[in-house]
Amino acid sequence: MYGWIWRHLPGNAWVRGVISLVLVLAVVYALFQYVFPWAEPLLPFGDVTVDGASAGGVGADQ
């Protein structure tokens, strides 16, 4: 896949490198601005099953 992209970019190696960097930055920007905020409510990172209360287990009287 990366070879296909590299072959289809215009210019010499330096120009292709700059264009590749711009493409990578655009993808990262799109992920952080649109994809991750959309997916965040769907992910279970806020579902914490451990709270601060002691259950009286090992080390409860410390």
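Is Phe36 buried, exposed or partly exposed? Select Phe36 to begin: with a relative accessibility of 42%, Phe36 counts as partly exposed. The cut-offs place a residue in this class when its relative accessible area lies between the 20% under which it is buried and the 50% over which it is exposed. Keep in mind during the tour that the model is predicted.

**Whole chain**

Zoom out and show the full chain as a cartoon. The chain has 2 helices and 0 strands. Colour by relative accessibility next: of the 62 residues, 3% are buried. Now switch on the accessible surface, which comes to about 5,900 Å² for the chain. Carbon and sulfur atoms account for 69% of that surface.

**The aromatic pair**

Return to Phe36 and add Phe32 to the selection. The structure holds 1 aromatic pair. Phe32 and Phe36 form this pair, with 5.2 Å from centre to centre and 90 degrees between the planes. Why is the pair called edge-to-face? Planes over 60 degrees apart count as edge-to-face, and so the 90 degrees found here gives that label. Trace the backbone between the two residues: Phe32 and Phe36 are 4 residues apart in helix α2, so about one helical turn separates them. As for accessibility, Phe32 counts as exposed at 54%, while Phe36 is partly exposed at 42%.

**The nonpolar patch**

Keep both rings selected and extend the selection to Val24, Val27, Val28, Tyr29, Leu31, Tyr34, Val35, Trp38 and Leu42. Together with Phe32 and Phe36, these residues make a nonpolar surface patch of about 1,200 Å². Pick out Val28 from this group. Val28 sits in helix α2, which covers residues 13-39. The relative accessible area of Val28 is 36%, so this residue is partly exposed. A patch member needs over 30% relative accessible area, and Val28 passes that cut-off because its value is 36%.

**Ile19 and its contacts**

Move along helix α2 to Ile19, which is found in this helix. Which residues does Ile19 touch, leaving aside those up to four places away in sequence? Select Leu9 and Pro10, as both are touched by Ile19. Draw a distance between the C-alpha atoms of Ile19 and Leu9: the two lie 7.7 Å apart in space and 10 residues apart in sequence. Ile19 has a relative accessibility of 27%, so Ile19 counts as partly exposed.

Methods:
Residues are numbered from 1 along each chain as its sequence is written. This is a predicted model: local features need pLDDT of at least 70, side-chain atom pairs count only at pLDDT 80 or more; totals for chains, interfaces and linings use all residues. Side-chain values use heavy atoms; hydrogens and water are left out. Patches are made of residues with over 30% relative accessible area and no salt bridge: like charges are joined within 9 Å, nonpolar side chains (Val, Leu, Ile, Met, Phe, Trp, Tyr) within 5 Å. Accessible areas come from the Shrake-Rupley method with a 1.4 Å probe; for residues, only the protein chains shown count as cover. A salt bridge is a side-chain nitrogen of Lys or Arg within 4 Å of a carboxyl oxygen of Asp or Glu. Buried means under 20% relative accessible area, exposed over 50%, partly exposed in between (1.4 Å probe, protein chains only). Contact means heavy atoms within 4.5 Å. Rings of Phe, Tyr and Trp (its six-membered ring) pair if their centres lie within 6.5 Å; planes under 30 degrees apart count as stacked, over 60 as edge-to-face and the rest as tilted.
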